[in-house]
Amino acid sequence: MSDREYILSRIRKTTARVQKAAPDAASIMGRISSVPHTADVVDTFIQRVEHAGGKVGRSKDADEARQWIEAYIQRYGLKRCVAPDAVFELLGGRPETVAVSTAELSERGTAHDMQTLLLDAACGITAAHAGFADCGAVLIETTPDSPRTISLLVEAHIAILRTADIHDFLPGIGPFLQHQFSSSEPRNLTFVGGPSKTADIEKTLVKGVHGPREFTVLLLDF
Amino acid sequence: MSGQKKVQVTPRNLKLLVQERIYNPQLRKNLSRATSTTLAKRADVVADFTQWEEMRSAASEIKDGVIANLDTYLEQFEENAVSAGATVHWAADAQAAQSIVYQILRDCDAKLVVKSKSMTTEEIRLGHFLEEQGIEAVETDLGEYIVQLAGELPSHITAPALHKSREEIGELFAKKLGIDRTNDPEALTAIARDVLREKFLQADAGISGVNFAVADSGTICIVENEGNGRLSTALPKTHIAVMGIEKLLPDMQSLTLFLQLLARSSTGQRITSYTSLIRGPKAKDDLDGPEDLHIIILDNGRTDILEDDDLRESLNCIRCGACLNTCPVYQTIGGHSYGTQYSGPIGAVISPSLLGVEEAGKMPYASSLCGACAEICPVQIDLHHLLLHQRRKYIERQGGNPAERLLFRLWMMTMKHAALYSVSGLLGRLAGTIFGGSNRTLPVPGWSKSREFPAPAPKSFKQLWKEHGSER
Ligand code: SF4
């Protein structure tokens with residue numbers, strides 16, 4: 001008997017005896033899928049990102065957003081920013097700093113070249129699908145032009161989020177996720193809720209243990 | 001006590017370990033600071049929700065239903081994971097899991113493996129096994145890395161190096177990594193970052209655990225703060241994920257609920273820095289990510305737990321560690337005293353099944369039965385009841401001490417009936433007069449010989465309150 005059959009048959013011995021219906025997850029979730037928010041959703045979001053060690057910027061149009069990124073890169077002494085073309089479009093063009101699009105990266109070099117570029121004082125910018133006020137996190141997705149390492153091997157990670165895409169409660173994203181994962185294609189999504197951090201030495205908080213030291217959400221009010 | 005001679009202390013000698021730990025002031029200081037700050041942070045973020053109790057009971061209901069239909073969910077998960085390009089393996093026990101991992105690593109000619117934190121791989125001693133096979137397997141979670149360098153076991157589910165002071169870590173790094181001595185957590189972290197970054201970039205394979213497995217899409221979810229989990233699953237060509245059969249959830253909607261419960265309960269965060277949802281290996285045009293994803297589904301004693309009508313609910317555990325933090329016994333003796341990978345109340349409940357009675361049969365005694373664990377558990381596992389259940393099983397296996405057996409039966413009865421609660425105090429005080437005398441050690445074999453156990457109070461708090469409380 002294979003291990004698979006062995007395990008399943010042992011489980012079936014119990015499930016057949018217990019005879020309990022599968023949970024109706026949707027209706028159970030329906031009982032709790034709302035959260036009473038007296039405070040403003042955007043304010044709560046900002047406050048909770050900051051509480052988790054992240055930062056939040058805000059811009060009212062594309063120009064302001066682009067300038068904000070330029071200032072950010074200078075402030076942290078970074079050498080370049082790397083982003084998908086779609087993000088540069090959202091910003092109405094490339095910031096006046098060393099800006100590299102991920103499309104150029106993949107045309108130009110090997111995985112090793114890409115890593116070297118990201119590891120050298122870079123800032124990675126990704127677009128976020130949504131943000132969540134109850135936990136202060138954003139949801140980002142890996143795509144061919146937005147690789148995993150762009151928010152990982154860099155010094156700083158900026159997630160661009162439309163202010164209108166902030167939900168009050170994490171379960172609000174359930175249907176979207178359900179849809180995202182409904183095909184049979186590989187998928188890779190990540191909730192990012194702060195910089196890379198640890199408290200493993202005497203519970204002292206240290207940022208940038210393996211990944212970015214800085215995590216920032218840039219809100220687009222437009 | 002007579003019981004002490006009668007019952008052999010288990011090989012992993014609980015008593016000695018406890019004695020050693022209890023007199024270690026550094027450990028006690030670390031422990032109490034860490035557990036109390038985590039509990040305070042937890043209380044803060046739990047207060048966000050007026051419906052926290054409803055969330056707990058919803059989670060418990062979902063998990064109960066999944067566990068009662070586990071075969072269906074596992075098959076569904078497997079089918080969906082495979083359709084996205086993952087390879088699914090099944091392992092009946094630790095040895096089977098080890099050899100599957102070894103086979104995969106041999107097939108891809110791996111020499112260096114990066115591991116992200118996972119209790120399940122600790123349980124099957126995977127790192128140790130790989131080392132024996134001549135494969136370098138580096139723990140990359142900072143706490144686990146420290147523990148690995150020191151050649152120790154983790155002492156907490158979510159904070160493995162909780163037992164070590166900065167001085168000890170400074171000394172360890174200086175000795176093992178040949179660096180200048182520093183005790184500064186920031187500097188020590190930076191050193192580990194440099195060492196481990198090299199490993200990430202060179203590793204042939206990454207091994208991770210799984211926090212949740214979503215059945216209806218074949219997705220695995222990994223929850224962490226450091227980014228080592230993401231790096232382990234982004235850089236190496238092969239990703240191996242090891243999960244217990246109990247990790248299943250029905251769908252994404254339920255997952256969002258469990259994410260909120262897990263982060264708040266474990267570290268007092270609203271969400272961790274990184275929560276990765278991974279379905280299949282890299283997509284064809286992705287610039288990074290693993291070519292191959294292997295998922296190993298592990299039994300290793302879990303179907304024994306499933307079979308036991310009382311213990312079954314312990315499979316609902318999401319390994320948040322809250323029951324450890326809140327346990328007065330854990331706070332005093334720390335994780336190592338339990339002598340096993342899983343410590344604290346949940347460790348005492350599941351370890352006899354996962355690690356064997358020989359190793360862990362006695363663990364359920366490392367508890368004061370105060371019930372704080374059951375109160376805090378985000379999935380409402382009745383740990384208090386399960387600890388008693390495990391103690392009874394232990395006594396039955398040992399043949400037992402008749403007086404203890406009788407007391408237990410009575411105690412179990414009173415626990416189940418609130419009306420009898422006041423009687424149980426009486427029972428305790430009665431036991432005190434039987435076992436107390438001048439040598440006040442508990443009738444629990446090998447547990448508290450060197451500790452003077454306080455004599456049970458002559459009157460219960462309830463009685464005193466009745467007599468004096470109304471005077472105000
Ligand atoms: S038993 Fe409950 S409190 Fe303890 S680790 Fe598991 S989920 Fe957390």
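How much area is buried between chain B and chain A? Before I answer, please keep in mind that what we are looking at is a predicted model. The area buried between these two chains is about 8100 Å², and carbon and sulfur atoms give 57% of that area.

Let me turn to who takes part in this interface. On the side of chain B there are 108 residues in contact with chain A, and they meet 84 residues of chain A. Between the two chains the count is 14 salt bridges, and one salt bridge that you can find for yourselves joins R31(A) to E61(B), where the closest N and O atoms are 3.1 Å apart. Helix α4 of chain B, which covers residues 52–68, supplies eleven residues, the largest share of the side of chain B that touches chain A. If we sort the residues of that side by character, we get 45 nonpolar, 32 polar and 31 charged. Across the interface there are also 43 residue pairs in polar contact, counted where both residues have pLDDT 80 or more.

The chains also meet through their strands. Strand β8 of chain A, residues 187–192, pairs with strand β9 of chain B, residues 274–279, and the two run in the antiparallel sense over six bridges. Within this pairing, R187(A) stands opposite R279(B).

Finally, the ligand. Which residues surround it? The shell is drawn from chain B, and among its members are C317(B), C320(B), C323(B) and C377(B), together with I318(B), R319(B) and G321(B). Taken by character, the shell divides into ten nonpolar residues, one polar and one charged.

Technical notes: Residues are numbered from 1 along each chain as its sequence is written. Chains are lettered from A and ligands numbered from 1 in the order in which they are written. This is a predicted model: local features need pLDDT of at least 70, side-chain atom pairs count only at pLDDT 80 or more; totals for chains, interfaces and linings use all residues. Side-chain values use heavy atoms; hydrogens and water are left out. Contact means heavy atoms within 4.5 Å. Buried area is the accessible area (1.4 Å probe) that two parts lose on being put together, summed over both. A salt bridge is a side-chain nitrogen of Lys or Arg within 4 Å of a carboxyl oxygen of Asp or Glu. A polar contact is a pair of N or O atoms within 3.5 Å; within protein, one must be able to donate a hydrogen and the other to accept it, and residues adjacent in sequence count only if both atoms are side-chain atoms. Helices (H or I, at least four residues) and strands (E, at least two) are DSSP runs, numbered from the N terminus. Ala, Val, Leu, Ile, Met, Phe, Trp, Tyr, Cys and Pro count as nonpolar, Asp, Glu, Lys and Arg as charged, and the others, Gly among them, as polar. Two strands pair if DSSP finds at least two bridges between them. A residue is near a molecule or strand if one of its heavy atoms lies within 4 Å of it.
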